[in-house]
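Please open the structure in your viewer and keep the sequence beside it, since this tour moves from one selection to the next and says what is to be found at each stop.

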Amino acid sequence: SDQVSLDRLLLQKVRIWRPLSSPLSNQALLQAVFRPAVACVSVTTRSGLIMALLQHRLWGYQCDDFVILFSTPNGVRGDSLVYTAEEEAAIVASGMLRHHIAPLEVVYNYTNVPQVNLAWQRMVEASEWLEYWSESHRFSHYYFVNEEVFAVPENLYAMLSKPEYYGLNAAGKPLYLGNRMVVSVDYYDPGTDTNSQRRVSYIHTGPGFIINEPTRKLLYLSLHSGHCSDNILTSNFDLLLAECLGLRVGVLSLIHI
């Protein structure tokens with residue numbers, strides 16, 4: 001039950017993956033040739049910051065880069081943000097560079113709206129932050145997670161290093177990868193005053209999702225050009241992301257992994 005003891009236990013039990021220092025098996029050779037550059041992005045709230053820092057200690061440091069983007073209840077950001085003593089200790093323990101821990105400019109103009117229902121706003125702001133960050137940081141793929149996800153980067157790199165995925169990315173095809181789900185969604189047509197159901201495919205954001213650089217750019221442009229709505233309140237932004245990328249932008253690479 002002690003958080004520090006739990007941290008130590010996890011850090012002792014997690015297998016450390018160092019493929020580039022391992023003997024070059026056939027799989028390792030493939031990964032050395034086709035290995036993508038992946039930035040892992042943990043998007044969370046202020047209350048999830050310490051857990052996101054623990055993510056970096058457990059597995060995030062195995063990504064090519066790891067970024068934490070978090071929202072604050074009152075929209076405070078930048079130099080005016082003061083970390084608590086517990087947060088400061090967690091930042092030091094994580095070994096992360098401070099400029100990789102960024103508060104988002106989510107403005108809370110809503111009364112009595114839980115932070116969990118502002119998940120889409122956080123994604124919108126994260127997209128904008130990454131647009132400026134990508135000017136000086138180049139990556140082929142981005143793996144988005146929340147603070148509760150435990151990932152094994154070995155599996156991530158092994159999948160993205162496969163020639164078929166590498167080939168699609170090298171050809172500039174926009175990719176949107178993850179655990180594909182299908183759900184029936186109710187739609188209301190005000191023109192005909194009728195209700196209907198549609199079967200919609202989307203990537204479940206629980207275990208995280210992967211987009212490549214062309215998709216990241218398309219998402220940013222769509223959100224900031226009015227093609228995709230940026231002001232919807234919801235905790236389940238999976239469908240919004242699928243609608244934005246699939247229906248409005250044309251990214252149809254919904255791959256089950």
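Among contacts in the protein between residues at least 6 apart in sequence, what percentage join residues at least 24 apart? The value is 76%, and it is computed, like everything on this tour, from a predicted model.

**The whole chain**

Begin with the whole protein in a cartoon view, where the secondary structure comes to nine helices and eight strands. If you then colour the 257 residues by accessibility, 45% of them count as buried.

**The disulfide**

Next, select Cys40 and Cys63, which are joined by a disulfide with an S to S distance of 2.0 Å; the structure holds one such bond. Cys40 belongs to strand β1 (residues 38-45), while Cys63 sits in the loop between α3 (49-58) and β2 (65-71), so the bond ties together parts that are 23 residues apart in sequence. If you look along the bond, the torsion about S-S is about -80°, and the disulfide is therefore left-handed. Both Cys40 and Cys63 are buried, and it may help to hide the surface while you look at them.

**Around strand β1 and the loop**

Stay with strand β1 and select Thr45, which is found in that strand. With a relative accessible area of 11%, Thr45 is buried, because the cut-off for buried is under 20%. Add Phe70 to the selection: Thr45 and Phe70 are 25 residues apart in sequence, yet their C-alpha atoms are 4.7 Å apart in space.

Now return to the loop between α3 and β2, where Tyr61 has its place. Tyr61 counts as partly exposed, at 31% relative accessibility. From the C-alpha atom of Tyr61, draw a distance to that of Met96, which is 35 residues away along the chain, and the separation should read 8.7 Å.

**Helix α3 and its partner α4**

Select the helix α3 itself and ask how many of its ten residues are buried. Seven of the ten are, so α3 is largely enclosed by the rest of the structure. The buried residues of α3 are Leu49, Ala52, Leu53, Leu54, Gln55, His56 and Leu58.

Bring in helix α4 (residues 85-94), which packs with α3 at an angle of about 10°, the two axes lying 9 Å apart. Because angles under 35 degrees count as roughly parallel, α3 and α4 are roughly parallel to each other. Their crossing is left-handed. To see the contact, show the side chains of Leu49, Ile50, Leu53, His56 and Arg57 in α3, which meet Glu86, Glu87, Ala90, Ile91, Ala93 and Ser94 in α4. By class, this contact of α3 with α4 has six nonpolar, two polar and three charged residues.

One of the residues on the α4 side deserves its own selection, namely Glu87, whose place is in helix α4. Is Glu87 buried or exposed? At 6% relative accessibility, Glu87 counts as buried. Once its neighbours within four places in sequence are left aside, Glu87 is in contact with Arg46, Leu49, Ile50 and Leu53.

**Helix α5 and its partner α8**

Move on to helix α5 (residues 119-133) and pick out Arg122, which has its place there. Arg122 has 7% relative accessibility and therefore counts as buried. If you select Val43 as well, you will find that Arg122 and Val43, though 79 residues apart in sequence, are 7.2 Å apart in space from C-alpha to C-alpha.

Then add helix α8 (residues 213-223), which packs with α5 at an angle of about 115°, with axes 10 Å apart. The crossing of α5 and α8 is left-handed. On the α5 side, Trp120, Met123, Val124, Ser127, Glu128, Leu130, Glu131 and Tyr132 meet Arg216, Lys217, Leu219, Tyr220 and Leu223 in α8. By class, the contact of α5 with α8 has eight nonpolar, one polar and four charged residues.

**A last stop in α7**

Finally, select Tyr165, which is found in helix α7 (residues 163-170). Tyr165 counts as buried, at 13% relative accessibility. Draw one more distance, from Tyr165 to Leu175: these two are ten residues apart in sequence and 8.9 Å apart in space, C-alpha to C-alpha.

Definitions and conventions:
Residues are numbered from 1 along each chain as its sequence is written. This is a predicted model: local features need pLDDT of at least 70, side-chain atom pairs count only at pLDDT 80 or more; totals for chains, interfaces and linings use all residues. Side-chain values use heavy atoms; hydrogens and water are left out. A disulfide is a pair of cysteine sulfur atoms within 2.5 Å. Helices (H or I, at least four residues) and strands (E, at least two) are DSSP runs, numbered from the N terminus. Buried means under 20% relative accessible area, exposed over 50%, partly exposed in between (1.4 Å probe, protein chains only). Axes are lines fitted to C-alpha atoms, for helices over the stretch in contact, and angles run from 0 to 180 degrees between N-to-C directions. Angles under 35 degrees count as roughly parallel, over 145 as roughly antiparallel, 65 to 115 as roughly perpendicular and the rest as oblique. A crossing is left-handed if the near helix is turned anticlockwise from the far one by less than a right angle, and right-handed if clockwise. Contact means heavy atoms within 4.5 Å. Ala, Val, Leu, Ile, Met, Phe, Trp, Tyr, Cys and Pro count as nonpolar, Asp, Glu, Lys and Arg as charged, and the others, Gly among them, as polar.
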